[in-house]
Structure formats: C-alpha cells, structure tokens
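Trainee: Could you pick one part of this model and take me through it closely, from its ends to its surroundings? I'd like one connected story rather than a list.

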Amino acid sequence: MPSKKQQRPLAKSQHKMAKAQMGSLTEQDKKELLEKFQNLKGPVRHFVSEIFTQAKEARGQLDDDVYGVLYATLEALSFTNGAPPPLVFGISHYQTGKVEQVRFVPTGVTQLPPHGKFITNHPALNPAHVDPSKQLK
C-alpha cells in the first residue's frame, strides 16, 4: 500500500483539477500554472501556448475555464513525460455560448486515440461529439 506521502501529490493534483473545473482557482493557483507554463522549453512550450491561445480565443476572455484548459494540458504532459498528447477541449464562448473544440491531434492521427482526452465542463458535449477532422491551427 502506498504511503501517505505518495498519495498526496495525486490527491493535490485531483483537488486542483476539481477546482479548475468548478471555476474556483485562486490567484495563487493561476500564478503557479503560469509559472509552470513559462518554464516549459522548446516544442512543448509551443504546444501548450497554442492550446492556451486557442482556449482564450474560443472562450472570449481569460477566465477560470481557460486556466482549467492550461491545467489539464500541463497535467496531461505529466502523464506522457512531456510528449504532446492528443487532447480535445470543448469550450463555450462566455457571451454567445458558441461551443468550439480546442484540440491537439498529432500529425497523421485521424481520430482521438483511446489514450487521448476529451475535456469539457459543458454539459451538452461528450466524447462522441469530437470532430476528428479539425486540426490544431
């Protein structure tokens, strides 16, 4: 059985993800996320920057939903040892409610693979609605 020290990072990670999904990130949480993002190097930083920019554009403002996308992207990178994973986010515009897919699907991939992630806090979206034809800009 894992020790409590081994369980804490996962519990802390899950707690922060829940906070991001509920839109209750503190200013300190946001600052930590931006610091992690700014400390990235090379192609990984470009990958995260593209997703972060797309999320801000789709949402229409920088808010907790966009920070949630940043958090989920950084979290996914931790599971792939820094290799850009397939990700799809459903994001609704804060004023119009229009839903857009913010995504990264590696070159040559035509559908979201089983280990890919579809993440949204919009109740009308689910993984069955992912459009695999859209690629990262």
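**A close look at helix H4**

Mentor: The protein has 4 helices and 3 strands, where helices (H or I, at least four residues) and strands (E, at least two) are DSSP runs numbered from the N terminus. Along the sequence they come in the order α-α-α-α-β-β-β. Before we dig in, keep in mind that this is a predicted model: local features need pLDDT of at least 70 and side-chain atom pairs count only at pLDDT 80 or more, while totals for chains, interfaces and linings use all residues. Residues are numbered from 1 along each chain as its sequence is written, and side-chain values use heavy atoms, with hydrogens and water left out.

The part I'd pick is H4, residues 64-79. Its 16 residues reach 23 Å from the first C-alpha to the last, close to the expected 22 Å (1.5 Å times one less than the number of residues). What makes H4 a good choice is how it sits: 12 of its 16 residues are buried, so the helix is largely enclosed by the rest of the structure. Buried here means under 20% relative accessible area, with exposed being over 50% and partly exposed in between (1.4 Å probe, protein chains only). For the protein as a whole, 38% of the 137 residues count as buried. The buried set in H4 includes the run from Val 66 through Tyr 67, Gly 68, Val 69, Leu 70, Tyr 71, Ala 72 and Thr 73 to Leu 74. Ala 76 and Leu 77 are also among the buried residues, as is Asp 64.

Now the ends. At the N-terminal end, Asp 63 acts as a cap, with a side-chain oxygen 3.1 Å from the backbone nitrogen of Asp 65. Just past the other end, Asn 81 takes a positive phi of about 55°.

The N-terminal end is also where the charges gather. Side chains of opposite charge can pair when their charged atoms come close. The structure holds 4 salt bridges, each a side-chain nitrogen of Lys or Arg within 4 Å of a carboxyl oxygen of Asp or Glu. One of them joins Asp 64 to Lys 30, with the closest N and O atoms 3.0 Å apart. Asp 64 lies in H4 and Lys 30 in helix H2 (residues 27-38), so this pair ties together parts that are 34 residues apart in sequence. Asp 64 counts as buried at 14% relative accessibility, and Lys 30 is buried too, with a relative accessible area of 14%. Glu 27 joins in as well: Glu 27, Lys 30 and Asp 64 are linked in a network of salt bridges.

Then there's Arg 59, which reaches the capping residue: it forms a salt bridge with Asp 63, closest N and O atoms 2.7 Å apart. Arg 59 also meets Asp 65 in a salt bridge, at 3.2 Å from N to O. With 13% relative accessibility, Arg 59 counts as buried, and so does Asp 63.

Let's turn to the nonpolar side of things. In soluble globular proteins, nonpolar side chains tend to be buried together. Here, the largest nonpolar core has 25 residues, and those with the most contacts inside it are Val 48, Ile 51 and Phe 89. A nonpolar core is a set of buried Ala, Val, Leu, Ile, Met, Phe, Trp, Tyr and Cys residues joined through side-chain atoms within 4.5 Å. H2, helix H3 (42-59), H4, E1 and E2 each supply at least two residues, and H4 gives the most, with 9.

Val 48 shows how H4 plugs in. Skipping neighbours within four places in sequence, Val 48 is in contact (heavy atoms within 4.5 Å) with Leu 70, Thr 73, Leu 74 and Leu 77, as well as Phe 37 and Leu 40. Leu 40 sits in the loop between H2 and H3, and counts as buried at 17% relative accessibility. With the same neighbours set aside, Leu 40 touches Arg 45, Val 48 and Leu 74. The C-alpha atoms of Leu 40 and Leu 74 are separated by 9.8 Å, although the two residues are 34 apart along the chain.

The strands that feed this core, E1 (residues 87-92) and E2 (residues 99-104), run antiparallel and are joined by 6 bridges; pairing takes at least two bridges found by DSSP. Ile 91 stands opposite Glu 100 in E2. In the hairpin, with 6 residues between the strands, Gly 97 takes a positive phi near 80°.

Methods
A polar contact is a pair of N or O atoms within 3.5 Å; within protein, one must be able to donate a hydrogen and the other to accept it, and residues adjacent in sequence count only if both atoms are side-chain atoms.
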